[in-house]
Number of protein chains: 4
Amino acid sequence: MKKVCIVGASGFTGGELLRILLQHRGVEIVCATSRRFKGEYVYRVHPNLRGFTQLKFVEPSIDVALKADVVFLALPHGESVKWVPKLYESGVAVFDLSADFRLKDPNAYVEWYKWPQPHPYPDLLQKAVYGQPELHRDELVGAKLVAVPGCMATASILMLAPLAKFGLLSDTPPVVDAKIGSSGAGAEGSVVDLHSFRTYVVRPYEPVHHRHIAEIEQELTRLAGRKVRIAFTPHAVDIVRGIFTTGHVYVEKLPSETDMWRYYRALYGDSKFIRIVKDRLGISRYPNVKYVLGTNIVDLGFELDPRLNRVVTFAAIDNLVRGAAGQAVQAFNIAMGFPEDEGLRQIPIAPL
Amino acid sequence: MKKVCIVGASGFTGGELLRILLQHRGVEIVCATSRRFKGEYVYRVHPNLRGFTQLKFVEPSIDVALKADVVFLALPHGESVKWVPKLYESGVAVFDLSADFRLKDPNAYVEWYKWPQPHPYPDLLQKAVYGQPELHRDELVGAKLVAVPGCMATASILMLAPLAKFGLLSDTPPVVDAKIGSSGAGAEGSVVDLHSFRTYVVRPYEPVHHRHIAEIEQELTRLAGRKVRIAFTPHAVDIVRGIFTTGHVYVEKLPSETDMWRYYRALYGDSKFIRIVKDRLGISRYPNVKYVLGTNIVDLGFELDPRLNRVVTFAAIDNLVRGAAGQAVQAFNIAMGFPEDEGLRQIPIAPL
Amino acid sequence: MKKVCIVGASGFTGGELLRILLQHRGVEIVCATSRRFKGEYVYRVHPNLRGFTQLKFVEPSIDVALKADVVFLALPHGESVKWVPKLYESGVAVFDLSADFRLKDPNAYVEWYKWPQPHPYPDLLQKAVYGQPELHRDELVGAKLVAVPGCMATASILMLAPLAKFGLLSDTPPVVDAKIGSSGAGAEGSVVDLHSFRTYVVRPYEPVHHRHIAEIEQELTRLAGRKVRIAFTPHAVDIVRGIFTTGHVYVEKLPSETDMWRYYRALYGDSKFIRIVKDRLGISRYPNVKYVLGTNIVDLGFELDPRLNRVVTFAAIDNLVRGAAGQAVQAFNIAMGFPEDEGLRQIPIAPL
Amino acid sequence: MKKVCIVGASGFTGGELLRILLQHRGVEIVCATSRRFKGEYVYRVHPNLRGFTQLKFVEPSIDVALKADVVFLALPHGESVKWVPKLYESGVAVFDLSADFRLKDPNAYVEWYKWPQPHPYPDLLQKAVYGQPELHRDELVGAKLVAVPGCMATASILMLAPLAKFGLLSDTPPVVDAKIGSSGAGAEGSVVDLHSFRTYVVRPYEPVHHRHIAEIEQELTRLAGRKVRIAFTPHAVDIVRGIFTTGHVYVEKLPSETDMWRYYRALYGDSKFIRIVKDRLGISRYPNVKYVLGTNIVDLGFELDPRLNRVVTFAAIDNLVRGAAGQAVQAFNIAMGFPEDEGLRQIPIAPL
């Protein structure tokens, strides 16, 4: 039984960590912190949890966190870096859901996250495992510091990893056109996140310099064995949860459909959470955010465009589960030796 | 391990029965029937189930059903009545999700369901248990024929039962104003159920003679010990799942808030699925469909209107789970001696 | 050509006043005030107006407003009362969209709006015309101070007025169950108005003591010639615009359908904006918010419940147009001698 | 006063033609045809039009259409071709909203529309004007046969036309990633268009061979003066109306922002309907479908990606207005000498 503390538990990611871990048979949640809501019942901030826990939020502090075996940090970027070194030194296992330990290059934080200085803990950066379970499963075993990937990065990387690994990427950077729901903006949104403004929307944001580009390129470069660059443009669409990414990849030589299946299966054949959705029949023949909601599942698909030597790839995930809390628990399960899907076995609910 | 057959498994209710029973540790699904989709993989009709079952639909027939220990009938009204007698005689336990065995009065089917004749099996009507678990738990133990309540009836009855039982209902029939999502129309809708027509909608339907009135009045009359009538008007609103019912009840003498709590706790204090939501703090102080989605939970609440001697009551449920498949499985669990919440322990997912 | 100033022009109501008045052939908009956005282009706050006006917001002040012939006050409750006396004395015509001059009884502001004192200008209260055009058309001609009705009050009153006027209301207070979109909360919402929290919602709020009750009862009492009380409960539903009200009215003696048509036509037969929607055929046989969006139209309907001696009434409006800006312009048109529908002739857009 | 007949008036495009033309001061609608609804009031199929017209649908026939001066054909692909020759010969002006006269190459119909033979009227193909008003304004004057562009083609072409015309397109085909609402599927959808299935969706369809590619390439090739190819992938998103297209264009040499403004203004500076949305301030700095709803407006925008030599372009339109009925009326206005925006002056309604 692992004692777990969730730091930053009042946001959406924190709420999902609570929901998932309350259903995890190897975990005891010993604390959930929130500066703003300390002393308040957790279910008053996360009304879905009413009746499932009598936990109250506590003031966040290193001391509180040190009482746990494992700490999940669901803090804003730039905050986790203040917590990790001390926790790590004390031997507490840390699963950091911020970006603070995702990038291996300390200077990348200056470029992509506008930090005034390079990352202050370059050694820890190297020790941190990039917690994409399907691509770093071996490194995760026993890991003490895990940087849980970003939500849009997760969909983008898993979708393109087979192409990167099997040498399909050409010199033309793949275009990744992403669509994301409103929960990505968090539980303390600004005026444009109000229902009246966020409904009936299709609009781009940060169309040429989104932060997740850095980790997507880092991972795909690693897999491809050569520098990979990505043209990434996200769009807000009128859903709460979900990310859909479409990869438009110009290739030198178009693979066969059989090859494509082979590449995806080679990478993901043993994964409990990845479904290749490319069907000839039925009401859903490609990935669709509708059919992964509430779960850690990744639906991947593709189509070949022989007219233009283009491979089109698709990924659908739930941004709060597979894009954050669920993937963190999956990484935690691997690190701690639990079954990889403990707490994560839920079947998607549809229609929703 | 019970062998279960789901007859009429291609609709929304059938899909939810599959989803829930695939997570039930005491059940083996031995058949899922669909005339239209026979031979097809279940996941091609219910894409959320992809990867969770390789089951195929089979042609519906009594013979196929007789191989099971338990049959769930997810058929249209007027169809179940053709299946039940033979199954019942053969000793198969039947959970009928249609209305065909809900009303005790054989003549009521002529009035409310436009049958040309009274119900042909009045004896079976008497044997059938009205499967509202919180109100018929004892009768359900060992039951062989269960009529699973209607979706809007479930919310209405559970919301008003304490008032009926504790003598609060006056001669003025309670008004029940209901709001329901599009999944209530089923997976084969008509033109008004198309997304373009069903979005951005608030509109009434069957505003004075909805069929669920019959079973609501039957149950409340039983609880009150005198004839109760209900003014029931449902409205389509722009969600897929969910029912919200608001009861406006003029009472002779306004109860205190403490009394109200007492009445609700007396009836539901031991229920695993009922939450009384009436809070002074937090972001959700009354029931809300948002916080029961995907689960068998019933959120009940109330408010007192001393100005008008009115008690306002609220209920929020997921129409496909608590209003159909989930309640059927709950009744099945009681009937068969499983833990009442087996297969139904999921925490609601929010935000969605 | 009337010079018009819109005070409080950055909110939703202000934005709609701008949109409508930009299309009005008898109006020149001379100022649009916003404390928060002063100096900013109007289209940066109301992006739909981009290309239709180069107006900038100005600091709100009485002096600025006095340069206009007509002032529309789109201010919060309790603010308008600070502006009206001076504007009124100066001879500027005032259309006040707040509640500050709607209630004739000065003490009612203590009860319903929590003012510490009775209304400070009881004389002005008497002079103010309650600007429901269909019910106060004669008083509006030449009016200099108009209190534009509340959004939910508008739907409720218009729906029940025929019953009040023609003596159908019994001693049992009509139940008005309302459903409203998120734009009712305004452009500066709180956390529960965020898209993630406000989507997939059906929930009540202020279920027994909503402020609009006061004006609904005031108007219906006037029409009925005796004290009328209303049991009013609003619900948030998952749309941006729109109000739907359902009236459940127990009557002594059920009118015939012909009578009902006669009552509604007697009151509204000459109105350009009211449609009685009660059809035997077609895809929309009762009112529906979907078919009034963006317009000043009021769709009214009814159904008779002979089983319970109940008349069920329906109203659907766009809360920002007929519930605020559009009705204000309609009242302005009558007051100033413009065609009643000037600026308001738009046909509803569907499907949306 | 032009006598207009709308053939195929019961669908969404037909409904929008009715709505717009009822507000057009130079038009008398003399017939609206519908095989399915002949004899029925138009407002029973288009409930928004209730109160605005007493027109009834009539059986479609050439004879009926010949009584008009102008015929709008809102028929399925492959149907218009049966009507056009006879109407054209009789001197009736035809605005065809299907694809039947959009492509100049008769063989293209075999490839893109699966016709068994090349187009039977190659001469008429040459005479037909491709009715994109901003790019074919001169040809439209006095035109007797106009092929109104496809909805996604309209957004894609207008967004990329400046780049094509000013020589920015490289050998790498631009990627056009499109997002579209459910109304694009028409008023007689299939099961996947039901609200329950079409809500909460992000999914691709026809990801490599959508029919609109043909006309997009035709137009951009004409503008560029050399063969242009397009990688086009549309996605269904959870809105009713609206198309958003994102162009990812790799260029040889990145233009300056000033150049980009210059190119767009050169093409569209005099257009009444095109807004370039690229702002430094305000709540909407790029195009967004939310702010064009119900109108003929096209919002265009762009962003430069110096990291990858990529120009990202954006277009937002209402698919039923600018993507169909509105653009048809705009072309009709030019052809007939009406003000280009007659009937189309509506300001977008927001928030919706």
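**Note on chain A: the rotation axis and helix 8**

1. A:Asp238 is the residue of chain A that comes closest to the rotation axis, at 3.1 Å (C-alpha). A turn of 180° with a shift of 0.0 Å along the axis lays chain A on chain D with an RMSD of 0.0 Å, the copies being superposed by least squares on the C-alpha atoms of residues with pLDDT of at least 70 in both. The two copies are therefore related as by a two-fold rotation axis.

2. This is a predicted model, in which local features need pLDDT of at least 70, side-chain atom pairs count only at pLDDT 80 or more, and totals for chains, interfaces and linings use all residues. Residues are numbered from 1 along each chain as its sequence is written, chains are lettered from A and ligands numbered from 1 in the order in which they are written, and side-chain values use heavy atoms, with hydrogens and water left out.

3. UniProt places the feature "active site" at A:Cys151; positions follow the numbering used here, feature names are shortened, and annotations may be inferred rather than shown by experiment. A:Cys151 is buried, with a relative accessible area of 16% (buried means under 20%, exposed over 50%, partly exposed in between; 1.4 Å probe, protein chains only). Leaving aside neighbours within four places in sequence, A:Cys151 is in contact (heavy atoms within 4.5 Å) with residues including A:His212 and A:Asn319.

4. A:Cys151 lies in helix 8 (residues 151-165) of chain A; helices are DSSP runs (H or I, at least four residues), numbered from the N terminus. Of the 15 residues of helix 8 of chain A, 14 are buried.

Methods
Helix = DSSP H or I, 4+ residues; strand = E, 2+ residues; numbered from the N terminus.
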